[in-house]
Structures are given as C-alpha cells and as structure tokens.
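Got the viewer open? Let's take a short walk, one selection at a time.

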Amino acid sequence: MPQAPAYYIGLMSGTSTDGIDGVLADFSRPNQPRTLASASLPLPPELRQTLLALNISGPDELVRSAHASNQLVRQYAQVCAKLLEQTDLDASQVVAIGAHGQTVRHDPLAGYTLQLNAPALLAELSGIDVVADFRTRDVAAGGHGAPLVPAFHQALFSSTYPRTVLNLGGIANITILEPGQPVRGFDTGPANVLMDLWCQLKTSRPYDHKGQWAASGSVNPQLLTLLLEDPWFRLPPPKSTGRDLFNQAWLSTRLSAWHATNPHQPLADADIQATLLALTAQTVADAVTTHASRTQELLVCGGGALNDALMTALHERLDCPVHATSHVGVPVQDVEALAFAWLAWAYVNNHPAGQPSVTGARRATILGCLHKA
C-alpha cells in the first residue's frame, strides 16, 4: 500500500550570503526523498551587506540583528510561496519548514553559535510549522554543532563502497561514508568565502563565474604555503569554522606578510584568485587523503561544484573520481536545502541527527526547536 505523502520544505542561506535556496520534497521514504519543487531568491544587496557586517562587532548589534532577522525571514516566506505555487499544494499539506537561518558567529569551543532567524515570524507568514535552531542542542552536549549535513548525506548517499561527500559553500565540509562504519564529517576550511571576497573586491562581481578568472591566473606556490600555515588546518576533527576566522582580515594579514617578504615580486589579482582556489582544493584533498583514504568516489555539491576550475583542481589532487551530486540525480544547488527539509523531518520523527562521530558531542541529540503555525 503506498505511503501517504510527507511534505517538507527546506531553506538554506549559507556562508556565501549570495541568496536563499529552497526545496519542497516528499519524505514518505526518508532515505529517498522526492523533490517536487526548488526555488532560489538572491538576497537584496542591502540585506547581504548587513548580514556580512554582523559577522564582526559593531554598533547597535542587537537592533541591527533583529531587523536583519525579520528581513531575512520575509525573503524565506517568498521562497516558500514560490514552492507552494509550483506544486499547487496548500500550506496545510506541508508538515514543517526546516529553516537554518544565517550564521553570523560560531565558536563552539566557547560554547556558542549564533544564527540570525525569526522562525516565529516565518510560521506566522507561511502558515506552516517551522523547525529552526539546529546547532545549539549539539553545542550544549559538547559538540561543534557543525557540520549539520553528514547525517543527511548518510541517509541519501550511502553506498556499498566508501564515498565522501564534499559540500562547497562558503566553507567546505566533507562527509565520510564507509559501509558499516559511523558517519564522520568535518569542515576542511574555506570554499567560496575567500574567492568570492577577493572577486568582489577586485572585479565588483559577486563571484568568479565557473572559476574563469582564477583559471586566467597562476598559483603562487610561496603564497599558497603561507596560507596553509594557519594552524587551524592542522587541527584534528571534529572541527568547524566560518567567517569568524576566514574573512577579509585573515586574507589581508597574509597578503601583507607576503608583500613584506617579497617586495619586488608583485602579484597579479588573478594570481591571488588562482592561489585562493588552490587553497580550497589543497585543504580538501589533504582532508580526504588523511581522514578518508579509502574513498572511491567524491560527490560534490554546493555552489562550488559549478566552479569548473575548482572541480578540475580537485580531480588533479585526488586519486578517486570526482563527480557532482547531479551525477547521482541530486542537483548540486538543492542538496543543502534538501538537507534542512530532512532535518525538519528528523525533528518531527524524533530521529537524532546530531551525531557524536561528526561533532564530538557527548551523545546523539535531536536537533531543532519547533515553532507552531
């Protein structure tokens, strides 16, 4: 007898702060969700700048954060409306929305993580229950609260052979899937965050389309070595990071150090972009080689999977095939939003998505808090 549909919406606005991705999916078979609709909405430029500014201390942060949260959620509600319109579903037919919010601070070793969100407002605007606040329960149990997606990757992408899933958002994270073993995963370092930053500073474009600008430059080995010297890269998992570390100040400090020791070797802007791309590829390859050496296939999702130059660089550094998740039927831009739909499903069904083997928490936990419509 066919199972009744179990419709969930997932929303994601990640570290890249370029926009909001949303999916509406049927989770009547949780390990084989069926995506019925997807939608994206670019963040308004003023809201994007506000969110980026709130990653560092500034005046009147509490009020600015409250206003930004409400503005972000009104964008979320628009994405939800688009999804319902595409599917001809009514809000009453959707079990819940999984809405992560926008991470602006993340320091689990100090016991906190902060996402801007207004889930009660989203429940009011959408007429749908909202599950939010996915990180803090795991942090309370001594974990990093990140990355959040490995349990979903395990449900969706597990195979009969060892696979690693790489998410290339603003930050890169991997999920290590080995048959018969607990899922493992951790952040490997910057993915798009530094490349996007440099591209915006030097070209006024939001990102390097397909990595074409990076491909026009040459990697500077000495600068790459300097970037790789950050001790964070040598930390063992579990570990997580964000714009708290990898930001404009981080990059400026290292570029200044390079110029100070190489005053007669000017670097072209495109060469710096190429070196930042190499940093992402090298740190991912190092993580896979060190912690997932049995990997027989790397599946890549997130916006970075559309960066042809980055995908080529990964292929050159790894001994296994490198494929976008679209290769196995899941569009690269849908994976994270689908993950938050699944996390909402997991909360509603009391499934512990917080996994100690990923985050280092003392025990598995149910992630999220419910805001009734």
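Select α6 (193-203): this helix gives the most to the lining of the second largest pocket, with 6 residues. Helices here are DSSP runs of H or I, at least four residues, and strands are runs of E, at least two, numbered from the N terminus. A pocket is an open set of points on a 1 Å grid over the protein atoms alone, where a 1.4 Å probe fits, with protein on both sides within 12 Å along at least five of seven lines; lining residues have an atom within 4 Å of a point.

Before going on: the model is predicted, local features need pLDDT of at least 70, side-chain atom pairs count only at 80 or more, and totals for chains, interfaces and linings use all residues. Residues are numbered from 1 along each chain, and side-chain values use heavy atoms, without hydrogens and water.

Now add α1 (45-53) and α9 (248-261), which, like α6, each supply at least two lining residues. In all, 17 residues line this pocket, and Leu-52, Leu-197, Arg-243, Asn-247 and Gln-248 lie nearest its centre.

Next, colour the open sheet of 5 strands, ordered β10-β9-β8-β11-β12 with mixed pairing; strands pair if DSSP finds at least two bridges between them. β10 (184-190) and β12 (322-324) are at the edges with a single partner strand each, so one side of each has no neighbour in the sheet.

Zoom in on β8 (163-168) and β11 (297-301): they run parallel, joined by 5 bridges. Pick Val-165 and you'll find its bridge partner in β11, Leu-299.
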